[in-house]
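User: I'd like to practise reading a structure feature by feature. Could you take me through this one?

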Amino acid sequence: MRIRNKNKILQIMLMASLVFPGAAAIADRLLGEGPRLRPENRVTQFQIVNGEKSLREIREAGLLVFVTPFNAFDGYGDGPHDPNILDQRSPAAGNRPTLQGNGSFLRVNGLDAQTCLECHTIVSNRTVPATLGIGGVGGINTSAMFQPGNMNVADADFDGRAEFDGRLINPPFLFGVGGVELLAREMTQDLQDLERQALRNPGKSIVLESKGIRFGSISADEHGTLDTSNVQGVDADLVVRPFGRKGDVASIREFDVDAMAFHLGMQAAEAFGGPFADADNDGVSNEISMGDLTALSVFLSTLERPRQVKSNKHKKGLALFRETGCADCHVPVLHTRDTHLPLKLTGAPDRPFEDTFYELDLTKPPVSFARNGAGGIRVPLFSDLKRHDMGEELAEEFSLASAKTNREFITAKLWGVADTAPYMHDGRALTLSEAIRMHDNPGSEATIAARNFERLSTKDKNSVLAFLTSLRTPRSPAKDLLQPSRR
């Protein structure tokens, strides 16, 4: 662990972060009418940055943010509905309609849970019954339905399709995310160094490559104008965003901000006007304080990484996995240069290492990534952290996205895949072989690899599948923190 505190703006915000919601008017409340996340169980950014809390204490506070079922006194939900506010979809406006106007739950387009744990609770779907725990995947019943404008379950066209123009998102697990974020930070730094190289060499095409992954090329003219038309699998700003099925979120902290607001109506102070703002007009400010957000990010970033059960019988399967071309995108291992994940506030993802206030050693328990012998860690994620066109049949129908965006998804991380059925971004595949076959469809970049798999003998297919079933989730995530509560 390393602590940094050089930013004066951060220092000012640290003091402001001492204010918690529900601090006023707590007298004369009825039993149970108070915030579930109690002030004495929370940590402040000031305490974290100044070393007043141990890493374990910070993780414990983050676990509580993750598992606490919030209520209105915590700031759960959007504020009173105002028909004069045109924004009916965004949690930022705090003005979403609710079922029967109950003021709490919506289910479609968020307000669909009271706690993070509800959607991340299945550690293994391979066991019967499922193994439950902290940070796992969600079943299809917890899939998020993001911003639909139309949901025709009556099937008026009689074509067997329930038209749905939102995004259906089956919740992924959260294991090993610290290593994934560190990889993305370093890849962003590499790509942006190459961008600067292009600016220094007008007219020269510069190949964009980091950690063996190619993201196309970039060039600049003599006036300093960049040509990003050949950039592939990443946005034109060259920020590798490893989170979200679309590869659209740069850090776990930023993911937490979006998820808290969307699913719970809990707004993080640093992204919604500061600790004294009440952006959703529900009467509660500082719903997720800066310290809460840091604690949650630290807890998630130190969750155990997925594991692999290694044996001789899996070696052939891995070899065939490579031979078919599956490993071209599902890259088995990527390596970092450093062992420490830098934490910073939200914003400015194009500056991946600036304004760092805290660092996590990812080689230490409980996350315990293996060192790679070159100063960094091995991250066996089975992904290239790059977006790919997955073809017409896997495309979403999200009305607010372009056709290209609807067809593109970041390469799924296969570590832990044995325990995480159903598969694909929306859970449409119930088995691994089914998921592989779905990669073969018009326009899919994975068609050749999927067809190579189909050409294998049944014995060889089973070798590949046996290898994939060796990629397991952690046995008991967050076990060291899960002591019986006396609260």
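User: Let's begin with a strand pair. In which sense do S8 and strand S9 pair, and over how many bridges?

Analyst: First the general idea: strands of a sheet pair through backbone hydrogen bonds, either parallel or antiparallel. Keep in mind that this is a predicted model. Here S8 and S9 (residues 213-220) are antiparallel, with four bridges between them. One spot to look at is glutamate 209, which sits opposite arginine 214 in S9.

User: What joins S8 to S9, and which residue in the turn has a positive phi?

Analyst: The two strands make a hairpin, with two residues between them. In that turn, lysine 211 has the positive phi, about 55 degrees.

User: What is the strand order in the sheet, and is the sheet open or closed?

Analyst: It's an open sheet of three strands, ordered S8-S9-S10 with antiparallel pairing. Strand S8 (206-210) and strand S10 (226-227) each have a single partner strand, so they are the edges, and one side of each has no neighbour in the sheet. Helix H4 (residues 177-200) packs on this sheet and touches S8, S9 and S10. The direction of H4 makes about 165 degrees with that of S8.

User: Which side chains of S8 are buried and which are not?

Analyst: Follow the alternation along the strand. Ile206, Leu208 and Ser210 point to one face and are buried, while Val207 and Glu209 point to the other face and are not.

User: Now the interior. Which residues have the most contacts inside the largest nonpolar core?

Analyst: The general idea is that in soluble globular proteins, nonpolar side chains tend to be buried together. In this model the largest nonpolar core has 77 residues, and Phe70, Met260, Phe299 and Leu300 have the most contacts inside it. H4 gives the most to this core, with nine residues. Take leucine 300 as a case: beyond its neighbours within four places in sequence, it contacts Phe66, Leu174, Val177, Ile252 and Asp256. Another core, of 27 residues, lies apart from that one, and among its members are Cys326, Phe382, Leu394 and Leu468.

User: H4 keeps coming up. Is arginine 185 buried or exposed?

Analyst: Arginine 185, which lies in helix H4, is buried, with a relative accessible area of 7%. Not counting residues up to four places away in sequence, arginine 185 touches Ser251, Pro342, Lys344, Pro352 and Phe353.

User: How many aromatic pairs does a search of the whole structure find?

Analyst: Nine. To read a pair, check the distance between ring centres and then the angle between planes. For phenylalanine 321 and phenylalanine 382, the centres are 6.0 Å apart and the planes at 75 degrees, so this pair is edge-to-face. Phenylalanine 321 lies in helix H7 (residues 312-323) and phenylalanine 382 in the loop between strand S15 (378-379) and strand S16 (387-389), so the pair ties together parts 61 residues apart in sequence. Phenylalanine 321 is buried at 2% relative accessible area, and phenylalanine 382 is buried at 3%.

User: Why is the pair of phenylalanine 369 and tryptophan 415 called tilted?

Analyst: Their planes are at 35 degrees, with ring centres 6.3 Å apart, so the pair counts as tilted. Phenylalanine 369 and tryptophan 415 are both buried. Elsewhere, ring pairs link Phe146, Phe262 and Phe398 into a cluster.

User: Which charged residue lies over the face of phenylalanine 369?

Analyst: That's arginine 305, at 6.0 Å from the ring centre. Likewise, lysine 386 lies over the face of phenylalanine 215, at 5.8 Å from the ring centre.

Definitions and conventions. Residues numbered from 1 in each chain as written. Predicted model: local features only at pLDDT ≥ 70, side-chain atom pairs only at ≥ 80, totals over all residues. Heavy atoms only, no water. Pairing = 2+ DSSP bridges. Contact = heavy atoms within 4.5 Å. Axes fitted to C-alpha atoms, helices over the stretch in contact; angles between N-to-C directions. Core = buried A, V, L, I, M, F, W, Y, C linked by side-chain atoms within 4.5 Å. Buried < 20%, exposed > 50% of the residue type's maximum accessible area, 1.4 Å probe, protein only. Phe/Tyr/Trp six-rings, centres within 6.5 Å; stacked < 30°, edge-to-face > 60°. Lys NZ or Arg CZ within 6 Å of the ring centre and 35° of its normal.
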